[in-house]
Amino acid sequence: MISLFYAGALGLFAIILSFLTVRQRLKTEISLGTGDSEELLAAQRAHGNFIEYALLFLALSFALEIIGQIPDLAVAILGDVFLLARISHAYTLIGGGNIIFRQMGILFSWIVILIQAVWAMIISGPWLLSNFYGLNI
């Protein structure tokens, strides 16, 4: 259920970023591509970059939570950090902040996904070795 909350929160944020992209399209009257508009490019990339990372985060989050071999608190902390990181990243791209917010956003997004990925491999590795290669670890 924890991952479901983050799926909802990230879904809402995706709609907000989509709205900001459409607003820039209407403002610049560019219906396809970005033309020469840096603002439209920034809004489009904020939305696209968000989706690229959010899907990977959610897949790993749901898998780790369902397997249940990590504490619920860890799932929640990783979700909080990821959500704040993506908001920070998008905030800068949309024009609201210093480049440090974007840099911190991507860094913490990477850290969260790295932790999730390593944790998933640690949990699944022994099972794979045992069931596919006959090794008991």
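Q: Buried means under 20% relative accessible area, exposed means over 50%, and partly exposed lies in between (1.4 Å probe, protein chains only); why, then, is M1 called exposed?
A: The relative accessible area of M1 is 76%, and exposed begins over 50%, so M1 is exposed. This residue lies in the segment before α1, and its C-alpha atom is 28 Å from that of Y91, although the two are 90 residues apart in sequence.

Q: What kind of model do these values come from?
A: The model is predicted, and local features need pLDDT of at least 70, side-chain atom pairs count only at pLDDT 80 or more, and totals for chains, interfaces and linings use all residues. Residues are numbered from 1 along each chain as its sequence is written, and side-chain values use heavy atoms, with hydrogens and water left out.

Q: What makes R23 partly exposed, and what makes L12 exposed?
A: R23, in helix α1 (helices are DSSP runs of H or I, at least four residues, numbered from the N terminus), has a relative accessible area of 44%, so R23 is partly exposed. L12 is also found in helix α1, and with 59% relative accessibility L12 counts as exposed. The C-alpha atom of L40 is separated by 8.9 Å from that of R23, 17 residues apart along the chain, and by 20 Å from that of L12, 28 residues apart along the chain.

Q: How do you know that L32 is exposed?
A: L32 has a relative accessible area of 76%, so L32 is exposed. This residue is found in the loop between α1 and α2, where its C-alpha atom is 14 Å from that of R45, 13 residues apart in sequence.

Q: Why is S88 called buried?
A: S88, which is found in helix α3, has a relative accessible area of 15%, so S88 is buried. Leaving out residues up to four places away in sequence, S88 touches F101, R102 and G105, where contact means heavy atoms within 4.5 Å.

Q: Why are α1 and α3 called roughly parallel?
A: Helix α1 (residues 2-28) and helix α3 (residues 72-93) pack at an angle of about 10 degrees, with their axes 10 Å apart; axes are lines fitted to C-alpha atoms, for helices over the stretch in contact, and angles run from 0 to 180 degrees between N-to-C directions. Angles under 35 degrees count as roughly parallel, over 145 as roughly antiparallel, 65 to 115 as roughly perpendicular and the rest as oblique, and therefore α1 and α3 are roughly parallel to each other. Among the residues that meet are Y6, L10, F13 and L17 in α1 and V75, F82, L83 and I87 in α3. The residues of this contact divide into twelve nonpolar, two polar and three charged.

Q: What makes α2 and α3 roughly antiparallel?
A: The axes of α2 and α3 come within 10 Å and cross at roughly 175 degrees, and therefore the two helices are roughly antiparallel to each other. Their contact includes A46, F50, A54 and F57 of α2 and L78, F82, A90 and L93 of α3.

Q: Why is the pair of F57 and F82 called stacked?
A: Rings of Phe, Tyr and Trp (its six-membered ring) pair if their centres lie within 6.5 Å, and planes under 30 degrees apart count as stacked, over 60 as edge-to-face and the rest as tilted. The ring centres of F57 and F82 are 4.3 Å apart and their planes are at 5 degrees, so the pair is stacked. F57 lies in helix α2 and F82 in helix α3, so the pair ties together parts that are 25 residues apart in sequence. Both F57 and F82 are buried.

Q: How do you know that F5 is exposed and Y6 is buried?
A: F5 counts as exposed because its relative accessibility is 54%, whereas Y6, at 4%, counts as buried. These two residues form an edge-to-face aromatic pair, with 5.1 Å from centre to centre and 85 degrees between the planes.

Q: Which residues have the most contacts inside the largest nonpolar core?
A: This core (buried Ala, Val, Leu, Ile, Met, Phe, Trp, Tyr and Cys residues joined through side-chain atoms within 4.5 Å) has 23 residues, and those with the most contacts inside it are L10, L17, F50, F57, F82 and I113. At least two residues of this core come from each of α1, α2 (38-67), α3 and α4 (99-133). Leaving aside neighbours within four places in sequence, L10 is in contact with F50, A54, F57, L58, F82 and L83.

How values were computed:
Ala, Val, Leu, Ile, Met, Phe, Trp, Tyr, Cys and Pro count as nonpolar, Asp, Glu, Lys and Arg as charged, and the others, Gly among them, as polar.
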